[in-house]
Amino acid sequence: MSEKILLEMKNITKEFPGVKALDDVNFKVKEGSIHALVGENGAGKSTLMNVLSGIYPYGTYTGDIVYDGEVCRFSKIRDSEAKGIVIIHQELALVPDMTIGENMFLGNERGKSYAIDWTTTYTEADKYLRIVGLSESSHTLIRDIGVGKQQLVEIAKALSKHARLLILDEPTSSLNESDSQALLDLLIRLKGEGLTSIIISHKLNEVSYVADDITVVRDGQTIETLVKGVDDFSEDRIIKGMVGREIADRFPKRHGVEIGDTAMEVKDWTVYHPVYPDKKVVDNVNFYVRKGEVLGISGLMGAGRTELAMSIFGRSYGSSISGQVFLNGKEVKMTNSKSAIKQGLAYVTEDRKGNGLILSNTIRENTTLANLEGVSTAGVIDFDKEYAVAEEYREKLRTKTPSVEQLVGNLSGGNQQKVLLAKWMFAGPDVLILDEPTRGIDVGAKYEIYNIINTLVADGKSVIMISSELPEVLGMSDRIYVMNEGRFVAEFAGSEATQEGIMAAILKTSND
């Protein structure tokens with residue numbers, strides 16, 4: 001790795017109405033390095049990268065971007081890509097019903113302006129797929145490959161644009177551990193071939209593993225840059241820089257919470273794929289959760305955890321669903337999400353931006369979405385009451401926002417997650433299914449979400465928590481089910497569970 005500075009961002013300041021998102025930020029990246037950018041949600045990481053890539057054009061911020069010794073003033077994203085700066089966002093920009101090859105050169109087509117050269121398109125696509133380690137044909141549809149492979153397609157797409165500086169925003173947030181490791185190892189290999197990368201991530205163990213330098217941003221300001229081999233790269237040290245203090249225990253303890261009778265029981269639950277009716281995605285699952293209990297469900301991506309949750313929640317997923325659901329000992333039929341809500345069940349989706357919230361609406365409007373009856377009379381919404389409810393949950397969940405009239409799309413990921421939780425808490429459920437409740441949010445926001453979970457079970461609610469992060473499952477669960485290939489393959493008491501035990505159960509059943 002050379003000591004040449006490929007990128008320097010000097011005194012970058014960026015303001016939005018009422019908010020200074022970046023305040024005189026300075027940031028340097030060495031050529032041929034992997035540089036991590038970390039900080040809490042809302043710290044300014046993505047904003048800084050959007051300035052760099054031209055998403056926020058020159059003139060909307062102050063300060064200078066010096067790239068490869070040249071002052072750059074990008075007015076659009078194509079300008080930065082022409083210099084070899086390519087950004088991959090957390091939400092992948094791929095079209096599911098187009099092929100890998102079509103996606104890779106979408107907007108950057110091979111051929112003449114009036115005729116695409118498909119032979120060159122697919123030949124070049126295959127070449128870049130091999131570089132990132134994918135064996136799939138470039139004629140394969142995006143929807144037919146998993147999220148981990150889609151992430152690699154995005155990197156191949158970036159390389160096809162002759163990227164010299166690759167920016168990755170939360171690249172492993174939707175990946176399981178093995179896919180995450182493969183992606184990180186790919187970045188290290190590409191670094192050896194001269195590629196410079198900037199990675200934004202909340203997974204601090206991955207940051208410590210892959211990064212040469214770590215820059216910490218807090219409240220829109222550069223706090224420090226840590227250098228591998230010189231500074232402490234431990235997670236506790238990084239957290240201290242991010243939040244300005246040490247967090248002694250990442251998972252707050254529950255005290256005095258009594259686990260009571262069974263709140264929900266599911267028997268012989270079987271679900272088939274909605275498009276491929278011969279494919280069984282949930283296979284004869286049986287489980288229960290008690291009042292005041294946090295029940296963790298662990299498993300690899302594709303194990304069927306989300307499909308199980310959505311199918312129970314008013315049959316929101318699947319076909320040919322069979323089995324029984326009992327709430328407080330009484331069998332219930334939940335034929336749609338509305339009936340599930342009325343029965344006291346809530347499902348907090350893993351996809352808060354796509355399925356959980358209406359980003360173009362206010363916090364006030366989103367908070368009451370699942371229980372409009374609670375703020376209306378004769379079908380007419382009482383806006384004063386709605387405002388009061390939203391304000392109550394803003395204070396209760398400590399959502400950082402100047403007003404409940406703020407658009408949800410303008411909030412950080414952690415604060416969006418709080419609005420999503422508020423929406424379902426206002427619905428008054430007895431059982432909450434939380435699907436990846438801390439995905440894509442920082443360690444400080446995670447701690448606040450964990451406190452909310454503890455408050456819910458202290459009030460006698462039941463929480464089913466699906467998570468791909470084993471430390472989270474182990475740190476928060478009273479009891480844990482392990483799911484693999486559509487079946488529950490093991491059950492552990494929270495006090496007895498270990499990462500090794502959970503992984504052993506998965507691997508054993510995968511090989512059976």
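## Close-up views of a predicted model

**Arg254 and Asp478 meet side chain to side chain in a salt bridge, 3.0 Å from N to O.** This bridge connects distant parts of the chain, 224 residues apart: Arg254 sits in the loop between helix 8 (235-243) and strand 13 (262-272), and Asp478 in the loop between helix 16 (470-476) and strand 23 (479-484). Here a salt bridge is a side-chain nitrogen of Lys or Arg within 4 Å of a carboxyl oxygen of Asp or Glu. Helices (H or I, at least four residues) and strands (E, at least two) are DSSP runs, numbered from the N terminus. The model is predicted, so local features need pLDDT of at least 70 and side-chain atom pairs count only at pLDDT 80 or more, while totals for chains, interfaces and linings use all residues. Residues are numbered from 1 along each chain as its sequence is written, and side-chain values use heavy atoms, with hydrogens and water left out. How exposed are the two partners of this bridge? Arg254 is partly exposed at 23% relative accessible area, and Asp478 is partly exposed at 26%. Buried means under 20% relative accessible area, exposed over 50%, and partly exposed in between (1.4 Å probe, protein chains only).

**Glu81 and Lys161 form another salt bridge, with their closest N and O atoms 3.1 Å apart.** Glu81 belongs to helix 2 (residues 77-82) and Lys161 to the loop between helix 5 (147-160) and strand 9 (165-169), so this pair links distant parts of the chain, 80 residues apart. If you are keeping a tally, the salt-bridge rule gives a count of 31. Some salt bridges join into a network, which links Lys4, Glu31, Asp68 and Arg164.

**Helix 13 covers residues 383-397, and its length agrees with expectation.** The expected span of a helix is 1.5 Å times one less than its number of residues. For the 15 residues of helix 13 that should be 21 Å, and the end C-alpha atoms are indeed 21 Å apart. At the N-terminal end, Asp382 acts as the cap: one of its side-chain oxygens lies 3.1 Å from the backbone nitrogen of Asp384. That is a polar contact, meaning a pair of N or O atoms within 3.5 Å; within protein, one must be able to donate a hydrogen and the other to accept it, and residues adjacent in sequence count only if both atoms are side-chain atoms. Which residues of helix 13 are buried? They are Glu386, Val389, Ala390, Glu391, Tyr393 and Leu397. Their cover includes helix 12 (363-367), strand 20 (380-381), helix 14 (413-426) and helix 15 (443-458).

**Arg398 follows helix 13 and has a positive phi, near 55°.** Its side chain meets that of Glu448 in a salt bridge (3.6 Å, N to O). The partners are 50 residues apart, with Arg398 in the loop between helix 13 and helix 14 and Glu448 in helix 15. Arg398 is exposed, at 56% relative accessible area.

**Aromatic rings pair up in ten places in this model.** Phe313 and Trp424 are edge-to-face, because their ring centres are 5.7 Å apart and their planes stand at 90°. Phe313 lies in the loop between helix 9 (305-312) and strand 16 (319-327) and Trp424 in helix 14, so the pair ties together parts 111 residues apart in sequence. Phe313 is buried at 5% relative accessibility, as is Trp424 at 7%. Tyr481 and Phe488, by contrast, are stacked, at 4.8 Å centre to centre with 15° between the planes. Phe287 joins Tyr481 and Phe488 in one aromatic cluster. For these pairs, rings of Phe, Tyr and Trp (its six-membered ring) must have centres within 6.5 Å; planes under 30 degrees apart count as stacked, over 60 as edge-to-face and the rest as tilted.

**Glu293 is buried, with a relative accessible area of 0%.** Look for Glu293 in the loop between strand 14 (280-290) and strand 15 (294-298). Leaving aside residues up to four places away in sequence, Glu293 touches Ile259, Val457, Lys461, Ser462, Val463, Asp478 and Arg479, where contact means heavy atoms within 4.5 Å.

**Arg479 lies over the face of Tyr288, 4.0 Å from the ring centre.** Lys14 likewise lies over the face of Tyr56, at 4.7 Å from the ring centre. A charge sits over a ring if NZ of Lys or CZ of Arg is within 6 Å of the ring centre and within 35 degrees of the ring normal.
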